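Here is a short briefing for someone meeting this structure for the first time. Please look over the sequence and the 3D view before reading on.

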Amino acid sequence: MLAVLLAAFASPAAAYVLSGRSPFGVTSLTERALMPDIASGCPPGSPLSCGTSSGNTCCFETPGGLLLQTQFWDSSPSTGPTNSWTIHGLWPDNCDGTFSENCDSSRDYTGISSLLTSQGASSTLALMNTYWKNDPDDGSDEELWEHEWATHGTCYSTLQTKCLPSGSPKGAEAVAFFQTTVKLFQTLPTYTFLQNQGITPSSSATHTLASLQAAVRAEWGFTPTFDCDGSNLNGAAYYFHLQGSIIDGNFVPIDAPESSTCPASGIKYPLKSGSPVTTTSTAGGGGSTGVRLPPLRGGGDGTLPAKATIHASSAGGLLSLGTWSTQTLATYTLSGTASSFTMTSSKGACGVSGGAFSCGSGVTSTTFSAVSSGSELLLASGGSTAWTSDGVPSGQTVYPVFTGAGHAQDYTLSIIST
């Protein structure tokens, strides 16, 4: 499976970026067919869902701006590998706790396997056959996939057919939905998150809800919800806002705004029967994914480097005063972890004040986070990886750097280890 990556909406973390023609900005996956050959055309710095709309519903998910990546732990009967949770779906809930379902029956596609194969997404289909499993008592895997698309996928405003490039084949938006859902799932290896914190399936052990949530928060940076059937753990949900389109936008994780259905204590994490999958570690925070991705350009393995230059996605990068330039870039010292660190340059501490980034002896240091995005570690302030200036530098011309997207030129800043 695949890994990609993150930034926080209201607290430090990481942002899952889908940019250009390939979901999550990954352009060098070992399986190229995993990416749809379409692009949303949404501009950088599009507003976050559940915020103030730009009026373009192809680039602003509405009304379902609260996205849930939901997973199953089915143990009776067992489905999927014994060392992985499985995909339930990707749901666009409204920002007020309500939701819509079955929004466009004219696009209730059937034969999902054939649809994916015909549009070059056979690799995604192979992963779905392993990790997107239906309870055999409820029907076939195909029936689950058809249900998830018809019930939830047709409700995405950014996946309406009018939002697709001209000439897109019928069902291209559904292919993008399945590809994005699979790739997002790969960044959220719940089994590994829990295992890394000492929680594994057992026939006898019990857990508290707080310990399960704390375990995932320690690995992911945010708190999910967990679902139980009685005292048996059987589901999880991860929450996001979306910047741009489902096709190639940024998934910005948030703490779950809803409550878990599990009891406070006595929770069982039952064993599955069957076989594990053979996996390889990825750049996405220790998850098991089955497909190896290129290392992140931070510390080489997604960790925060101690020394780095800061490169802008448009051109150039940051000088020692924190200005954007195409001149020789400054070396920054980073202290802390990827989810929470401070920065200094040769001029002094770095911080953001009044939305402006700067470094110097009189600057009050602020806390930043590093957001994994494909093979990049992106600099985030206040959980956002969006940066903006009044123009693009050239020669001796430099520009002040601001957070957000309120100026003429929007870009991201990559942390490159030195």
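What follows covers the nonpolar cores, a set of paired strands and the disulfides. The model is predicted. The largest nonpolar core has 56 residues, and a second, separate core has 23. The disulfide count comes to six.

**Nonpolar cores**

- Six residues have the most contacts inside the largest core: Trp-85, Trp-132, Phe-178, Leu-194, Phe-226 and Leu-233.
- Helix α4, residues 172–186, gives the most to this core, with nine residues.
- The second core stands separate from the largest one, and its 23 residues include Trp-324, Leu-334, Ala-370 and Tyr-411.
- Leu-233 can be followed outward through its contacts, leaving aside neighbours within four places in sequence. Among its partners are Trp-73, Trp-85, Leu-212 and Phe-226. Leu-233 is also in contact with Asp-227, Cys-228 and Cys-262. Its other partners are Ile-267, Lys-268, Tyr-269 and Pro-270.

**Strands β12, β13 and β14**

- Strand β12 spans residues 332–337 and runs antiparallel to β13, with five bridges joining the two.
- In this pairing, Thr-337 stands opposite Ser-340 of β13.
- A hairpin connects β12 to β13 through two residues.
- On its way onward, β13 is joined by two bridges to strand β14, residues 348–353, and these two strands are antiparallel.
- Thr-344 has Ala-349 in β14 as its bridge partner.
- β13 and β14 also form a hairpin, with two residues between them.
- Which residues of β13 are covered, and which are uncovered? The covered face of this strand, residues 340–345, holds Phe-341, Met-343 and Ser-345. The uncovered face holds Ser-340, Thr-342 and Thr-344.
- In a regular strand, side chains alternate between the two faces of the sheet.

**Disulfide Cys-50 to Cys-95**

- The sulfur atoms of Cys-50 and Cys-95 are 1.9 Å apart, and the two residues form a disulfide.
- This disulfide is left-handed because the torsion about the S-S bond is about -85°.
- Cys-50 lies in the loop between β1 (16–17) and β2 (66–72), while Cys-95 lies in the loop between β3 (86–93) and α1 (112–118), so the pair ties together parts 45 residues apart in sequence.
- Cys-50 counts as partly exposed because its relative accessibility is 33%. Cys-95, at 43%, also counts as partly exposed.

**Disulfide Cys-103 to Cys-155**

- Cys-103 and Cys-155 form a disulfide with sulfur atoms 2.0 Å apart.
- The link is right-handed, with 90° about the S-S bond.
- Distant parts of the chain are linked here. Cys-103 is in the loop between β3 and α1, and Cys-155 is in the loop between α3 (141–151) and α4, 52 residues apart.
- Is each cysteine of this pair buried or partly exposed? Cys-103 has 41% relative accessibility, so it counts as partly exposed. Cys-155 has 11% relative accessibility, so it counts as buried.

**Disulfide Cys-350 to Cys-359 and the overall pairing**

- A disulfide joins Cys-350 to Cys-359, with an S to S distance of 2.1 Å.
- The torsion about the S-S bond of Cys-350 and Cys-359 is about 105°, so this disulfide is right-handed.
- Cys-350 and Cys-359 are both buried.
- With the bonded cysteines of the protein chain numbered in sequence order, the pairing reads 1-4, 2-5, 3-8, 6-7, 9-10, 11-12.

Definitions and conventions:
Residues are numbered from 1 along each chain as its sequence is written. This is a predicted model: local features need pLDDT of at least 70, side-chain atom pairs count only at pLDDT 80 or more; totals for chains, interfaces and linings use all residues. Side-chain values use heavy atoms; hydrogens and water are left out. A nonpolar core is a set of buried Ala, Val, Leu, Ile, Met, Phe, Trp, Tyr and Cys residues joined through side-chain atoms within 4.5 Å. Buried means under 20% relative accessible area, exposed over 50%, partly exposed in between (1.4 Å probe, protein chains only). Helices (H or I, at least four residues) and strands (E, at least two) are DSSP runs, numbered from the N terminus. Contact means heavy atoms within 4.5 Å. Two strands pair if DSSP finds at least two bridges between them. A disulfide is a pair of cysteine sulfur atoms within 2.5 Å.
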